[in-house]
Amino acid sequence: MPLRKPAALPEGAAPAVPAAPASPAAWRSALRAAVRAALRSPWAKPVLFVICLGPMAWLLRGIWLDDLGANPAEFLIRATGDWTLRALCLVLAVTPLRVTLGLPELARLRRMLGLFTGFYACLHLIGYAWLDMGWDLPDITADIAKRPFILVGFAGWLLLSVLSATSFNAAIRALGAPRWQALHRAVYAVAALALLHFFWMRAGKQNFAEVAVYAAILGSLLGWRAHRAWRSARPQHLPPR
């Protein structure tokens, strides 16, 4: 059977050239544009709100199903503390991710993450005061003064409460942007106090594996900020010798 000859091209027409595959840089650019569009979406904050409520829903499910282990009170206190520390890591990760990935829209989600950090810290404190101490204020006061890891955790909660209470636009206007920014740098002190609280709590059982993980994460995030501040403070042009 004779082969069919290809159809002749119209006079003056150039043969079709197959499209070249997109380069990795083009794929990255398209992906970044899609992520930025999603972060600008009016649905971004509601979706984040639901995600941040996930740990609380998980704990409520455990309470409802009586699935919190042999010591539910201890489980709730530790779980809310763990989620506070995780949320704090997310808050501190916003700026490095925003700068390194070129996603300025991430900044609009930082306030909600910070407020949920304060929310889980309050649940952690309520769990301690209610489930562990039975709302006995004199005993709670004596316990805070007697045990250093409780004192450190309480100090971190106080600082975090101040930051949460002043995270709104009215507080920024009242304090002024420079003073507000200086105040909210206390989040670094909160991170140090939270890590020390976690370290001392685990020291009783000689269990430092998770402490090392959180220390590495927080150390990397704070180290990134220190390096960036050092680079910005360094003279840009050295004088000739």
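How many disulfides does the count come to by the usual sulfur-to-sulfur rule? Zero. I'm starting there since cysteines are usually the first thing someone asks me about. Two of them are worth a word. Cys52 counts as buried, with a relative accessibility of 12%. Cys122 is partly exposed, and its relative accessible area is 31%.

Okay, the overall picture. This is a predicted model, so please keep that in mind throughout. The chain has 241 residues, and 29% of them are buried. There are eleven helices and zero strands, so reading from the N terminus you just get α after α, right to the end. Take the contacts between residues at least 6 apart in sequence: 67% of those join residues at least 24 apart.

Let's go inside. The largest nonpolar core has 25 residues. Leu92, Tyr128, Ile140, Phe198 and Leu218 are the ones with the most contacts inside that core. Which helices each supply at least two residues? Six of them are on the list: H4, at 72-100; H5, at 107-132; H6, at 137-146; H7, at 148-165; H10, at 187-203; and H11, at 209-233. There's also a second, separate core, with 13 residues, and Leu39, Leu48, Val91 and Leu106 are among them.

Back to Leu92 for a second. If you skip residues up to four places away in sequence, Leu92 touches Val187, Tyr188 and Ala191, and also Leu218, Leu221, Leu222 and Arg225.

Staying with H10, have a look at His197, which sits in that helix. Buried or exposed, at 15% relative accessibility? His197 counts as buried at that value, since the cut-off for buried is under 20%. Its contacts, again leaving aside neighbours within four places, are His124, Phe149, Ile150, Val152 and Gly153.

Now a smaller helix story: H3, residues 54-64. The buried residues there are Pro55, Leu59 and Gly62. Look down the axis of H3 and those buried residues fall within an arc of 55°, so they line one face of the helix. As a reminder, an α-helix has 3.6 residues a turn, so residues three or four places apart point the same way. And what covers that buried set? The cover includes H2, at 44-52, along with H4 and H5.

Just after H3 you hit Asp66, with a positive phi of about 55°, and this is a residue other than glycine. Asp66 is in the loop between H3 and H4, and Asp66 is exposed, with a relative accessible area of 65%. Trp135 also has a positive phi, near 60°, and is likewise not a glycine. You'll find Trp135 in the loop between H5 and H6. At 51% relative accessibility, Trp135 counts as exposed, and the cut-off there is over 50%.

On to the aromatics. The structure holds eight aromatic pairs. I'll pick one: Phe49 and Phe116. Their ring centres are 5.4 Å apart and the planes sit at 65°, so this pair is edge-to-face. Phe49 is in H2 and Phe116 is in H5, so the pair ties together parts that are 67 residues apart in sequence. How do the two partners sit with respect to solvent? Phe49 is partly exposed, at 40% relative accessibility, whereas Phe116 is buried, at 8%. If you follow the ring pairs outwards, Phe49, Phe116, Phe119 and Tyr120 are linked into a cluster.

One more ring, with a charge this time. The charged end of Arg86 sits over the ring of Trp83, at 4.5 Å from the ring centre.

Last stop is Trp180, in helix H9, residues 177-184. What does Trp180 contact, once its neighbours within four places in sequence are set aside? Thr166, Ser167, Ala171, Ile172 and Leu175. And if you want a distance to check on screen, the C-alpha atoms of Trp180 and Leu163 are separated by 9.5 Å, with those positions 17 residues apart along the chain as the spacing.

So, to recap: eleven helices and zero strands, a largest nonpolar core of 25 residues, a second, separate core of 13, eight aromatic pairs and zero disulfides. That's my tour, thanks.

Technical notes
Residues numbered from 1 in each chain as written. Predicted model: local features only at pLDDT ≥ 70, side-chain atom pairs only at ≥ 80, totals over all residues. Heavy atoms only, no water. Core = buried A, V, L, I, M, F, W, Y, C linked by side-chain atoms within 4.5 Å. Buried < 20%, exposed > 50% of the residue type's maximum accessible area, 1.4 Å probe, protein only. Helix = DSSP H or I, 4+ residues; strand = E, 2+ residues; numbered from the N terminus. Contact = heavy atoms within 4.5 Å. Arc of directions from axis to C-beta. Phe/Tyr/Trp six-rings, centres within 6.5 Å; stacked < 30°, edge-to-face > 60°. Lys NZ or Arg CZ within 6 Å of the ring centre and 35° of its normal. Disulfide = S-S within 2.5 Å.
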